[in-house]
Amino acid sequence: MVVATPIQIEKIREVDVPVIDLSCKQSKVAKLIVKACEEYGFFKVINHGVPHHIIKNMEDESFQFFDKPLPEKMKLVGSADPFGYGSKNIGLGGDRGELEYLLLQTNQNAIDDTSKCRYAVSSYVDGVRELACELLELMAKGLGVPPSSFSHFLKCFNSDSLLRLNHYPPVTHTSHSSFQRGIIGFGEHSDPQILTLLASNFVPGLQISLGNGVWVPVSPDPLAFCVNIGDVLQAMTNGRFVSVRHRAMANSLPTQSRLSMVFFGAPPPEATIVCPLQLLKQNKPVYRAFTWAEYKSHTYAHRLGEVRLDHFKISDDEKVT
């Protein structure tokens with residue numbers, strides 16, 4: 001039975017999303033990143049310093065894994081619970097998509113124990129984690145807060161960061177006669193973590209939301225990383241940065257698969273999420289303090305498309321002192 005969901009009437013708008021060259025002067029880059037985070041919650045980075053051969057090796061190993069027969073995939077990594085191999089099902093809330101995936105923890109013990117291509121995974125994770133920390137420190141610089149305000153969470157040994165490999169095979173169902181009008185591959189959502197770094201091959205699919213039903217297709221660029229602001233960073237910037245809502249369209253190319261390699265930078269479970277005091281000089285806090293474990297539990301208890309961060313907003317009554 002085909003379960004892919006056709007898109008309702010929406011607006012698709014061609015917009016030049018911010019592309020930031022990390023080889024430029026730091027002060028300029030920091031300002032551009034802050035502007036992109038405030039306006040879109042999304043940007044691309046080029047000249048990012050992650051070696052191309054590391055990205056290509058991870059891509060090759062990913063395709064090799066997804067090309068294996070299902071029994072072999074299951075034997076290698078097991079069924080997603082939540083880590084491991086999954087197909088169609090997304091998360092625990094009943095959401096479905098047109099993809100298969102492999103979800104891995106990124107601490108060294110987890111990589112050594114669960115990954116059959118551990119060298120490719122560990123090299124890739126090391127590279128993207130370093131890039132994520134660099135970006136978070138540039139954000140801190142642009143906001144005028146201590147450099148490690150955000151990045152220190154990702155540097156903790158027990159950081160809850162994840163690596164998700166998404167494989168979107170061609171959707172060829174004859175019943176999808178309206179396919180060119182759009183079938184959802186991975187539904188609309190925001191990422192709950194701090195920061196997301198996404199690398200993909202040349203097959204399109206990613207779209208970001210501008211609100212009011214307006215969606216912007218993001219052109220694929222294998223030499224760039226897409227950067228998404230997550231819910232936790234929106235909270236830590238007191239709502240100044242936007243946790244971008246985004247989705248992936250199902251793959252309409254008849255002979256090519258789409259692959260995305262997604263690093264989710266997250267705090268340790270016990271970490272308390274609060275806004276730096278420097279950002280509260282002119283404004284009262286928008287969100288109450290919470291731990292990552294608390295927010296993660298709340299996230300898993302809700303459907304993919306729900307706006308989860310609103311649950312942690314300080315009410316008007318609470319703001320009155």
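Here are a few exercises on the structure above, each with a worked solution.

**Ground rules**

The model is predicted: local features need pLDDT of at least 70, side-chain atom pairs count only at pLDDT 80 or more, and totals for chains, interfaces and linings use all residues. Residues are numbered from 1 along each chain as its sequence is written, and side-chain values use heavy atoms, with hydrogens and water left out.

**Exercise 1. Take stock of the chain: how many helices and strands does the chain have, and what share of the residues is buried?**

Step 1: Go through the secondary structure. There are nine helices and 15 strands. Helices (H or I, at least four residues) and strands (E, at least two) are DSSP runs, numbered from the N terminus.

Step 2: Look at burial. Of the 321 residues, 51% are buried. Buried means under 20% relative accessible area, exposed over 50%, and partly exposed in between, with a 1.4 Å probe and protein chains only.

Step 3: Check the surface. About 15400 Å² is exposed, and carbon and sulfur atoms supply 52% of it. These areas come from the Shrake-Rupley method with a 1.4 Å probe; for residues, only the protein chains shown count as cover.

Step 4: Turn to contacts, meaning heavy atoms within 4.5 Å. Among contacts with a separation of 6 or more, 75% are between residues 24 or more positions apart.

**Exercise 2. Find the largest nonpolar core: which helix gives the most to this core?**

Step 1: Fix the term. A nonpolar core is a set of buried Ala, Val, Leu, Ile, Met, Phe, Trp, Tyr and Cys residues joined through side-chain atoms within 4.5 Å.

Step 2: Pick out the hubs. The largest core holds 66 residues, and those with the most contacts inside it are F43, Y124, L135, M139, L195, F225 and L233.

Step 3: Name the helix. α5 (residues 118-143) gives the most to this core, with 14 residues.

Step 4: Zoom in on one hub. Leaving aside residues up to four places away in sequence, L233 touches L136, M139, F150, Q193, I194, L195 and F241.

Step 5: Don't miss the other one. A second, separate core has 15 residues, including V17, Y40, Y101 and V218.

**Exercise 3. Walk across the open sheet: what is the order of its eight strands, and which strands stand at the edges?**

Step 1: Read off the order. The sheet runs β2-β3-β11-β8-β13-β6-β5-β4, with mixed pairing. Two strands pair if DSSP finds at least two bridges between them.

Step 2: Find the ends. β2 (19-21) and β4 each have a single partner strand, so one side of each is left without a neighbour in the sheet. From one strand to the next, the twist averages 25°.

Step 3: Start at the β2 end. β2 and β3 (residues 42-46) run parallel and are joined by three bridges; D21 has I46 of β3 as its bridge partner.

Step 4: Jump to the β4 end. β4 pairs with β5 in the antiparallel sense over six bridges, and Y85 sits opposite L102 in β5. β5 also pairs with β6 (residues 162-168), again antiparallel and over six bridges, with L103 opposite R164 in β6.

Step 5: Ask how β5 is covered. Nine of the 11 residues of β5 (residues 95-105) are buried, so β5 is largely enclosed by the rest of the structure.

Step 6: Add the helices. α2 (residues 52-66) packs on the sheet, touching β4, β5, β6, β11 (225-229) and β13 (258-265), and its direction makes about 115° with that of β13. α3 lies across β4 and β5, at about 120° to β4. Axes are lines fitted to C-alpha atoms, for helices over the stretch in contact, and angles run from 0 to 180 degrees between N-to-C directions.

**Exercise 4. Hunt for backbone oddities: where does P82 lie, and is N238 buried or exposed?**

Step 1: Check omega. D81 and P82 are joined by a cis peptide bond, with omega about -10°. P82 lies in the loop between α3 (70-77) and β4 (84-90).

Step 2: Check phi. K88 isn't a glycine, yet its phi is positive at about 75°. K88 lies in strand β4 and is partly exposed at 27% relative accessibility.

Step 3: Repeat for N238, another residue other than glycine with a positive phi, near 60°. N238 is found in the loop between α7 (231-236) and β12 (246-249), and is buried, with a relative accessible area of 12%.

**Exercise 5. Sort out the cysteines: how many disulfides are there?**

Step 1: Apply the cut-off, a pair of cysteine sulfur atoms within 2.5 Å. The count is zero.

Step 2: Try C156. The nearest cysteine sulfur, that of C133, is 9.7 Å away.

Step 3: Compare exposure. C156 is partly exposed at 29% relative accessibility, whereas C226 is buried at 10%.
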